[in-house]
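This report describes selected local features of one protein chain. Please keep the sequence and the structure in view while reading.

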Amino acid sequence: MNNFGRKKICFFCKKKIDEIDYKDINLLKRHMGIWSKIRPAKDTGACSNHQRKITKAIKRARFMGLMPYTSR
Ligand SMILES: [Zn+2]
């Protein structure tokens with residue numbers, strides 16, 4: 001009926017991760033694409049709840065100097 005394929009379950013929901021640690025750079029990196037841009041939820045399969053937390057964690061990490069800012 002639809003061609004949207006299978007619904008991806010959010011990585012964090014699956015792992016039962018509630019709080020995302022901004023110090024977990026490797027994890028955050030997976031949610032950043034080219035030019036250090038935050039990848040959209042539809043790209044990573046994150047639910048809106050966790051997407052918001054990822055965004056917050058990345059911004060925090062940038063603020064702390066752990067992650068690069070978007071370079072343009
Ligand atoms: Zn989730």
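T44 lies in helix α3, which spans residues 41-44. The model is a predicted one. T44 has a relative accessible area of 16%, and because the limit for a buried residue is under 20%, T44 counts as buried. Leaving aside neighbours within four places in sequence, T44 is in contact with K8, R30, H31, R39 and Q51.

**Salt bridges**

R39, one of the contacts of T44, also forms a salt bridge with D43. The closest N and O atoms of R39 and D43 are 3.4 Å apart. Both partners are partly exposed: R39 has a relative accessibility of 27%, and D43 has one of 39%. In general, side chains of opposite charge can pair when their charged atoms come close.

The count of salt bridges in the model comes to four. Among them are the pairs in the following table.

| Salt bridge | Distance between closest N and O atoms |
|---|---|
| E19 and K53 | 3.6 Å |
| K23 and D21 | 3.3 Å |
| R39 and D43 | 3.4 Å |

Which parts of the chain does the salt bridge between E19 and K53 link? E19 belongs to the loop between α1 and α2, whereas K53 is in helix α4, and the two residues are 34 residues apart. This pair therefore links distant parts of the chain. E19 is exposed, with a relative accessible area of 59%. Salt bridges that share partners join D18, E19 and K53 into one network.

In the pair of K23 and D21, K23 is exposed at a relative accessible area of 51%, while D21 is partly exposed at 36%. The limit for an exposed residue is over 50%, so K23 falls in the exposed class.

**The zinc site**

Which atoms coordinate the zinc ion? The donors are the SG atoms of C10, C13 and C47, together with the ND1 atom of H50, at 1.9 to 2.4 Å. The angles among these four donor atoms run from 104 to 112°, and the site is tetrahedral. Four donors count as tetrahedral if all angles lie between 85 and 135 degrees, so the angles of 104 to 112° satisfy that condition.

Along the chain, the donors of the zinc ion follow the spacing C-x2-C-x33-C-x2-H. C13 lies in helix α1 (residues 11-14) and H50 in helix α4 (residues 48-63), so this pair ties together parts that are 37 residues apart in sequence. Are these two donors buried or exposed? C13 counts as partly exposed, at 37% relative accessibility, whereas H50 counts as buried, at 4%.

Helix α4 thus appears in two of the topics above, because H50 of the zinc site lies in this helix and K53 of the salt bridge with E19 is also found there.

**Positive phi values**

Most residues other than glycine have a negative phi. Two residues of the model are described here for their positive values. Phi of K16 is near 55°, a positive value in a residue other than glycine. K16 lies in the loop between α1 and α2, the loop that also holds E19. At 74% relative accessibility, K16 counts as exposed.

The phi of W35, another residue other than glycine, is positive as well, with a value near 60°. W35 is found in the loop between α2 and α3. W35 counts as exposed, since its relative accessibility is 56%.

Note on methods
Residues are numbered from 1 along each chain as its sequence is written. This is a predicted model: local features need pLDDT of at least 70, side-chain atom pairs count only at pLDDT 80 or more; totals for chains, interfaces and linings use all residues. Side-chain values use heavy atoms; hydrogens and water are left out. Donors are N, O and S atoms within 2.8 Å of the metal (3.2 Å for Na, K and Ca); water is not among the atoms, so sites may look incomplete. Four donors count as tetrahedral if all angles lie between 85 and 135 degrees; four count as square planar and six as octahedral if opposite donors are over 155 degrees apart and all others between 65 and 115; anything else is irregular. Helices (H or I, at least four residues) and strands (E, at least two) are DSSP runs, numbered from the N terminus. Buried means under 20% relative accessible area, exposed over 50%, partly exposed in between (1.4 Å probe, protein chains only). Contact means heavy atoms within 4.5 Å. A salt bridge is a side-chain nitrogen of Lys or Arg within 4 Å of a carboxyl oxygen of Asp or Glu.
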